[in-house]
Amino acid sequence: MPIVSKYSTDQIEKIVNALLDELRQQQATTELSLMCLGNSISHIINTHVPAAQRSDVARQFGQALLDAVSGPKSS
């Protein structure tokens, strides 16, 4: 069953494109881009997620990232 997001595809794409455009404008390497995005994610988790839930949120985010780069799973 697909996951239904409360955010529109347009809203997500607009923000992602703005982030990627800024990284391109800064001529950020892959390594620098990943560092900046990782620091942003850490900041968001540390400032917007209750301390008791941070590890779980980070773990779930990490798993979602692994799933996204692994592609479809075969059964």
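Reader: Let's start with a small thing: what volume does the second largest pocket have?

Author: About 190 Å³. Keep in mind that we're looking at a predicted model. As for the general idea, rolling a probe the size of a water molecule over the atoms shows where empty space is left.

Reader: Okay, and which residues line the second largest pocket?

Author: You'll find L34, L37, G38, I41, F61, A64, L65 and A68 around it. Two helices, α2 and α3, are the elements that give two or more residues to that lining. Sorted by class, the lining has seven nonpolar residues, one polar and no charged ones.

Reader: Now the big brother. How much space lies in the largest pocket?

Author: About 840 Å³. There are 20 residues lining the largest pocket, and the closest to its centre are V16, L19, I41, I44 and F61.

Reader: Which helices supply the lining of the largest pocket?

Author: Three of them, each with at least two residues: α1 (9–25), α2 (30–48) and α3 (54–70). Helix α1 gives the most, namely eight residues. By class, the count for this lining is 16 nonpolar, three polar and one charged.

Reader: I noticed I41 and F61 came up for the largest pocket. Where else do they turn up?

Author: Look back at the second largest pocket: I41 and F61 are among the residues that line it. L65 is another residue of that lining, and L65 sits in helix α3.

Reader: Is L65 buried or exposed?

Author: Somewhere in between. The trick is to check the relative accessible area: buried means under 20%, exposed means over 50%. L65 has 48% relative accessibility, so it counts as partly exposed. If you want a distance to try on screen, go from the C-alpha of L65 to that of A18: the two are 47 residues apart along the chain and separated by 20 Å.

Reader: What about the outside? Which residues make a nonpolar surface patch?

Author: Y7, I12, V16 and L20 make one of about 330 Å². V16 should ring a bell, as one of the residues closest to the centre of the largest pocket. Y7 belongs to the segment before α1, and with a relative accessible area of 45% it is partly exposed.

Reader: On to charges. How many salt bridges does a search of the whole structure find?

Author: Two. The general idea is that side chains of opposite charge can pair when their charged atoms come close. In one of the pairs here, R24 bridges to D21, with the closest N and O atoms 2.8 Å apart. In the other, the side chains of R59 and D56 meet at 3.0 Å, N to O.

Reader: Why are R24 and D21 separated by about one helical turn?

Author: Because they are three residues apart in helix α1. R59 and D56 are also three residues apart, about one turn, both in helix α3.

Reader: And how accessible are the four partners?

Author: R24 is exposed at 55%, while D21 is partly exposed at 44%. In the second bridge, R59 is exposed at 55% and D56 is partly exposed at 43%.

Reader: One last backbone question: which residue other than glycine has a positive phi?

Author: Try Q27, with phi near 55°. Q27 is in the loop between α1 and α2, and its 70% relative accessibility makes it exposed.

Methods:
Residues are numbered from 1 along each chain as its sequence is written. This is a predicted model: local features need pLDDT of at least 70, side-chain atom pairs count only at pLDDT 80 or more; totals for chains, interfaces and linings use all residues. Side-chain values use heavy atoms; hydrogens and water are left out. On a 1 Å grid over the protein atoms alone, a cavity is a set of points where a 1.4 Å probe fits but cannot get out, and a pocket is an open set with protein on both sides within 12 Å along at least five of seven lines; lining residues have an atom within 4 Å of a point. Grid points are joined across faces, edges and corners, and a volume is the space filled by probe spheres set on the points. Helices (H or I, at least four residues) and strands (E, at least two) are DSSP runs, numbered from the N terminus. Ala, Val, Leu, Ile, Met, Phe, Trp, Tyr, Cys and Pro count as nonpolar, Asp, Glu, Lys and Arg as charged, and the others, Gly among them, as polar. Patches are made of residues with over 30% relative accessible area and no salt bridge: like charges are joined within 9 Å, nonpolar side chains (Val, Leu, Ile, Met, Phe, Trp, Tyr) within 5 Å. Accessible areas come from the Shrake-Rupley method with a 1.4 Å probe; for residues, only the protein chains shown count as cover. A salt bridge is a side-chain nitrogen of Lys or Arg within 4 Å of a carboxyl oxygen of Asp or Glu. Buried means under 20% relative accessible area, exposed over 50%, partly exposed in between (1.4 Å probe, protein chains only).
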